[in-house]
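Biologist: Could you walk me through this one slowly? I would like to understand how to read a structure like this.

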Amino acid sequence: MADTNEERVLIVFDGDNFSYLKRSLSIDLDYIKLIKLFSGNNKLVGCVYFTSFENPVSDKFRRFKYHMRTIGIQIIPVERRTKYDFETSTEYKAGYEDGMV
């Protein structure tokens, strides 16, 4: 019988905010090392990266998605939609942080 005391970990990245952090700090991350750091000695049951995108999907996004998939990270893309802010009378691109998921 399997050890029931083993801790399980699911890592979820907020892709838009994570990408903003990487750009603002001008750093490039090794996702494999980061996942190992986050999971420690616990059993990793999954790794998910939520991100928004604009249609049509760019080649850069396709390459990123392929890379993440090859290292075991599931990408959950959420299409950005245009929303209207009635207070400021402006349109803006909404991502999943605005309840699009």
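Modeller: Let me start with a single residue: Arg 62 has a relative accessibility of 48%, so Arg 62 counts as partly exposed. Please keep in mind throughout that this is a predicted model.

Biologist: Which side chain does Arg 62 meet in a salt bridge?

Modeller: The partner is Asp 59, and the N to O distance between the two side chains is 3.1 Å. Arg 62 and Asp 59 are 3 residues apart in helix α3, which means that about one helical turn separates them. An α-helix has 3.6 residues a turn, so residues three or four places apart point the same way.

Biologist: And how many salt bridges are there by this rule?

Modeller: The count comes to 1 salt bridge.

Biologist: OK, zooming out, what order do the elements run in from the N terminus?

Modeller: The order is β-α-α-β-α-β-β-β, which gives 3 helices and 5 strands in the chain. The chain has 101 residues, of which 27% count as buried. If you take the contacts between residues at least 6 apart in sequence, 63% of them join residues at least 24 apart.

Biologist: What about the inside, which residues have the most contacts in the largest nonpolar core?

Modeller: Those are Phe 13, Tyr 31, Tyr 49 and Ile 73, in a core that has 14 residues. At least two residues of this core come from each of β1, α2 (31-39), β2 (43-53) and α3 (59-70).

Biologist: Take Ile 73, then: what does Ile 73 touch, not counting residues up to four places away in sequence?

Modeller: Ile 73 touches Tyr 31, Ile 35, Cys 47, Val 48, Tyr 49 and Met 68. Two of these, Tyr 31 and Ile 35, are also among the buried residues of α2, together with Leu 34 and Ser 39. Those buried residues cover an arc of only 120° around the axis, so they sit on the same side of α2.

Biologist: Which residues are exposed on the other side of α2?

Modeller: On that other side, Lys 33, Lys 36 and Leu 37 are exposed, whereas the buried residues of α2 pack against β1, α1, β2 and α3.

Biologist: Now α1, where do its buried residues fall, seen down the axis?

Modeller: The buried residues of helix α1, which spans residues 15-25, are Gly 15, Asp 16, Phe 18 and Lys 22. Seen down the axis, they fall within an arc of 165°, so they line one face of the helix. They pack against β1, α2 and β2, while Tyr 20 and Leu 25 are exposed on the other side of α1.

Biologist: And what follows α1?

Modeller: Ser 26 follows α1, and it lies in the loop between α1 and α2. Ser 26 has a positive phi of about 55° although it is not a glycine. With a relative accessibility of 67%, Ser 26 counts as exposed.

Biologist: Back to α3 for a second: is Phe 61 buried or exposed?

Modeller: Phe 61, which is found in helix α3, counts as buried because its relative accessibility is 14%, and the cut-off for buried is under 20%. Leaving aside neighbours within four places in sequence, Phe 61 is in contact with Thr 51, Phe 53, Ile 75 and Pro 77. Phe 61 and Pro 77 are 16 residues apart in sequence, and their C-alpha atoms are 9.9 Å apart in space.

Biologist: And in which strand is the place of Val 78?

Modeller: Val 78 is in strand β3, residues 74-79, and with 10% relative accessibility Val 78 counts as buried. The C-alpha atoms of Val 78 and Phe 50 are separated by 7.5 Å, although these residues are 28 apart along the chain.

Biologist: Last topic, the outside: which residues form a nonpolar patch on the surface?

Modeller: Leu 10, Val 12 and Val 45 form that patch, and together they have about 270 Å² of accessible area. Leu 10 lies in strand β1, residues 8-14. For the whole chain, about 7,700 Å² is exposed, and carbon and sulfur atoms supply 50% of it.

Note on methods:
Residues are numbered from 1 along each chain as its sequence is written. This is a predicted model: local features need pLDDT of at least 70, side-chain atom pairs count only at pLDDT 80 or more; totals for chains, interfaces and linings use all residues. Side-chain values use heavy atoms; hydrogens and water are left out. Patches are made of residues with over 30% relative accessible area and no salt bridge: like charges are joined within 9 Å, nonpolar side chains (Val, Leu, Ile, Met, Phe, Trp, Tyr) within 5 Å. Accessible areas come from the Shrake-Rupley method with a 1.4 Å probe; for residues, only the protein chains shown count as cover. A salt bridge is a side-chain nitrogen of Lys or Arg within 4 Å of a carboxyl oxygen of Asp or Glu. Helices (H or I, at least four residues) and strands (E, at least two) are DSSP runs, numbered from the N terminus. A nonpolar core is a set of buried Ala, Val, Leu, Ile, Met, Phe, Trp, Tyr and Cys residues joined through side-chain atoms within 4.5 Å. Buried means under 20% relative accessible area, exposed over 50%, partly exposed in between (1.4 Å probe, protein chains only). Contact means heavy atoms within 4.5 Å. The arc is that of the directions from the helix axis to the C-beta atoms.
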